[in-house]
Amino acid sequence: MRKPVIAIDGYSSTGKSSISKIIAHQLGIVHLDTGALYRGITYFAIKNCISENGQINLENLFQRFHEITLQFKQVEDELTVLLNGTDISKEIRTNEVSQQVSLIARQKEVRDFLLEKQRKIAADGGVIMDGRDIGTIILPNADYKFFLTASIDERTKRRFLELQKLGIETDEETVRKNLIERDKIDSEREVAPLKKANDAIVIDNTNLTKKETIDLILSHIAGF
Ligand code: C5P
């Protein structure tokens, strides 16, 4: 039996990845956190493509795509992200990466580099992919599409707790500003902006627990 292809898009820190991970486990399908791909490229750029003025040299990054291999590996219950074989799961969550990632993700060259890689993963079905442009661009024919949103206060609280758990030092104001800034850049970019697909189901989970959000999503895909 063919397994479903599910697209989960939405604003930063609406729980897309952690919810997708649990749904993937329950349905026995693959989960791809596409944000980790953009974060991985950003991390590579920060490490390898900084010009004399301290900024990321985009041309240099574009020329070096062939040096980048990103892989996901399941270690116990955690998904680890490998850049050329090195675990960068924690590094890609730092403020430094969060502050640059949307500027990298708005580049057409970067999106083109990742487009087919993402589609290939979904080619045989049985995948839940979360990001910003999954339902609109990457998998427009997905069986199910969801668009998650929540208030900025709730999202700030969630991301702050998540970073604390990872041992990454920050404060709520920095987190809030970063979420607002990223959502703005992601929504306003020319290539594949963050937006709801016409046929996506919107879920505002401000007042829902993670489990309630998961149950709601599963109620729509029951019977597959
Ligand atoms: O999902 P996460 O918050 O880790 O994503 C980090 C950034 O990667 C987003 O703010 C956005 O700039 C970019 N991104 C994207 N398209 C996706 C997934 C993430 O542009 N499909």
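A residue counts as near the ligand if its C-beta atom, placed from the backbone, lies within 6 Å of it. Keep that cut-off in mind for the first stop. The model on your screen is predicted.

**Stop 1: the ligand**

Select the ligand and the residues around it. You should find 14 of them. The closest are Gly 35, Tyr 38, Ala 105, Gly 131 and Arg 132.

Now color the helices. Helix H2 (34–48), helix H4 (95–105) and helix H8 (172–188) each give two or more residues to this shell. Which helix gives the largest share? Pick H2: four residues of the shell come from there.

Next, color the shell by class. Four residues are nonpolar, five are polar and five are charged.

**Stop 2: the sheet**

Hide the ligand and show the strands. Five of them form an open sheet with parallel pairing. Read across in the order S2-S6-S1-S7-S8. Which strands stand at the edges? Select strand S2 (30–33) and strand S8 (201–204). Each has a single partner strand, so one side of each is left without a neighbour in the sheet. Turn the view to follow the twist, which averages 20° from one strand to the next.

**Stop 3: one strand pair**

Zoom in on S2 and strand S6 (residues 127–131). They pair in the parallel sense over four bridges. Click His 31, then look across to S6: its bridge partner there is Ile 128.

**Stop 4: a helix on the sheet**

Finally, select helix H5 (residues 108–122). H5 packs on the sheet and touches strand S1 (5–10), S2 and S6. Compare directions: H5 makes about 150° with S6.

Methods
Residues are numbered from 1 along each chain as its sequence is written. This is a predicted model: local features need pLDDT of at least 70, side-chain atom pairs count only at pLDDT 80 or more; totals for chains, interfaces and linings use all residues. Ala, Val, Leu, Ile, Met, Phe, Trp, Tyr, Cys and Pro count as nonpolar, Asp, Glu, Lys and Arg as charged, and the others, Gly among them, as polar. Two strands pair if DSSP finds at least two bridges between them. Axes are lines fitted to C-alpha atoms, for helices over the stretch in contact, and angles run from 0 to 180 degrees between N-to-C directions. Two residues are in contact if their C-beta atoms, placed from the backbone, lie within 7 Å.
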